[in-house]
Amino acid sequence: MTQKPDDTIRAGGAQPEGAPNVEILADVAQIVLRAKQLILASADAAIAARGRFTIALSGGSTPRPLYRALAEERGIDWSKWWLFWGDERTVPPDHAESNYRLVRETLLDRIPVPPGLVISPTAGEFALLPPEEQALAYATALRDAFGVALPQLDLNLLGMGGDGHTASLFPFSHALREEERLFVANDVPKLNTTRLTMTYPLINASRQILFLAAGAEKASALAEVLQGAYQPEKYPSQRIRRAPNVTWLVDSAAAQALAQ
Ligand code: 6PG
């Protein structure tokens with residue numbers, strides 16, 4: 001069922017363009033099926049139009065079954081897929097919290113992806129750099145992969161935390177105010193760590209943005225992000241551009257606080 005939140009003008013700031021597309025699905029398994037369908041459709045269109053499909057992957061737990069499902073999908077020409085990371089933790093690529101490790105275990109180890117097309121800010125040549133240099137090097141790698149100053153990813157896969165963060169754009173963190181750089185090291189005091197993350201200019205340049213959010217613990221933030229006052233410092237997911245190129249796939253537990 002597609003539930004479109006009302007497109008009322010919000011208090012406290014400019015209304016982002018259009019209301020997002022929100023699909024409420026029964027559970028994570030249904031989110032995974034729908035996300036795979038949308039991603040494969042985006043890949044087919046991109047490969048037909050430009051000869052390749054560029055996708056930024058998110059970390060966290062929600063996309064784990066999705067990456068497994070993509071690995072098991074028959075008929076994908078992985079040589080045409082270019083994988084990027086929307087954000088990363090400042091840990092070694094084999095660390096339990098590494099998003100690179102997450103994708104390697106669930107996807108890369110199961111598909112014939114040519115190593116040259118897999119770019120991650122903490123793996124390979126970037127692994128021994130300090131965070132700030134990893135971010136700079138990754139931004140350069142992104143520009144080199146696209147040959148332009150502001151790359152346009154075909155699809156940006158995002159999650160949302162219970163505090164309304166997305167990628168590693170956390171509430172009140174300095175990366176929220178980055179308007180030039182594509183990828184930055186972002187201090188996250190509440191996690192007592194530094195993260196690496198795509199910034200709004202890069203994310204919002206994507207042809208398509210697909211959010212996955214599941215679980216009751218996301219319900220309050222989801223209602224604020226989609227229907228609350230526009231406060232992107234407090235709810236960073238709000239500043240991700242809206243329809244027509246943003247789709248939210250949420251389960252009924254995460255959607256329970258949405259005004260029907
Ligand atoms: C990360 C992610 C982050 C994630 C959300 C939701 O590196 O953790 O990129 O933005 O998408 O925190 O995480 P869950 O899917 O685990 O709820």
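## A tour from strand β5 outward

Begin by selecting A56 and N156: A56 stands opposite N156, a residue of β5. The model on screen is a predicted one.

**The strands around N156.** Keep N156 selected and add I209. In β8, I209 is the bridge partner of N156. Now show the whole strands. β5 and β8 are paired in the parallel sense, over five bridges. β2 and β5 also run parallel, and two bridges join them. Colour β5 by accessibility next. Is β5 largely enclosed or left open by the rest of the structure? Four of its five residues are buried, so β5 is largely enclosed.

**Helix α2.** Select residues 64-72, which form helix α2. Which residues of α2 are buried? They are L66, Y67, A69, L70 and A71. In an α-helix, residues three or four places apart point the same way, because there are 3.6 residues to a turn. Turn the view with that in mind and look at L66 and L70, both of them buried.

Next, show what lies over these side chains. The cover on the buried residues of α2 includes two helices, α1 (28-50) and α3 (99-106). It also includes the strands β2 (53-57), β3 (81-85), β5 (155-159) and β8 (208-213). The strands from the previous stop, β2, β5 and β8, are thus among the elements that cover α2.

**D94.** Move to the loop between β4 (87-89) and α3, where D94 lies. Is D94 buried or exposed? Its relative accessibility is 53%, above the 50% cut-off, so D94 counts as exposed. Add N192 to the selection and draw a distance between the C-alpha atoms. D94 and N192 are 98 residues apart along the chain, and their C-alpha atoms are separated by 20 Å.

**The whole chain.** Zoom out and show the protein as a cartoon. The protein chain has six helices and nine strands. Its radius of gyration is 17 Å, close to the 18 Å from the globule rule for 260 residues, so the chain is as compact as a globular protein of that length. Along the principal axes, the C-alpha atoms fill a box of roughly 45 × 40 × 35 Å.

Of the 260 residues, 57% are buried. Among contacts between residues at least 6 apart in sequence, 73% join residues at least 24 apart.

Finish with the surface display. The accessible surface is about 10,800 Å², and carbon and sulfur atoms account for 54% of it. Colour by charge last: the chain carries 25 positive and 29 negative charges, and their mean positions are 3 Å apart.

Note on methods
Residues numbered from 1 in each chain as written. Predicted model: local features only at pLDDT ≥ 70, side-chain atom pairs only at ≥ 80, totals over all residues. Heavy atoms only, no water. Rg over C-alpha atoms; globule rule 2.2 N^0.38 Å. Buried < 20%, exposed > 50% of the residue type's maximum accessible area, 1.4 Å probe, protein only. Contact = heavy atoms within 4.5 Å. Areas by Shrake-Rupley, 256 points an atom, 1.4 Å probe, with all protein chains shown as cover. Lys, Arg positive; Asp, Glu negative; His and termini not counted. Charge placed at Lys NZ, Arg CZ, Asp CG, Glu CD. Pairing = 2+ DSSP bridges.
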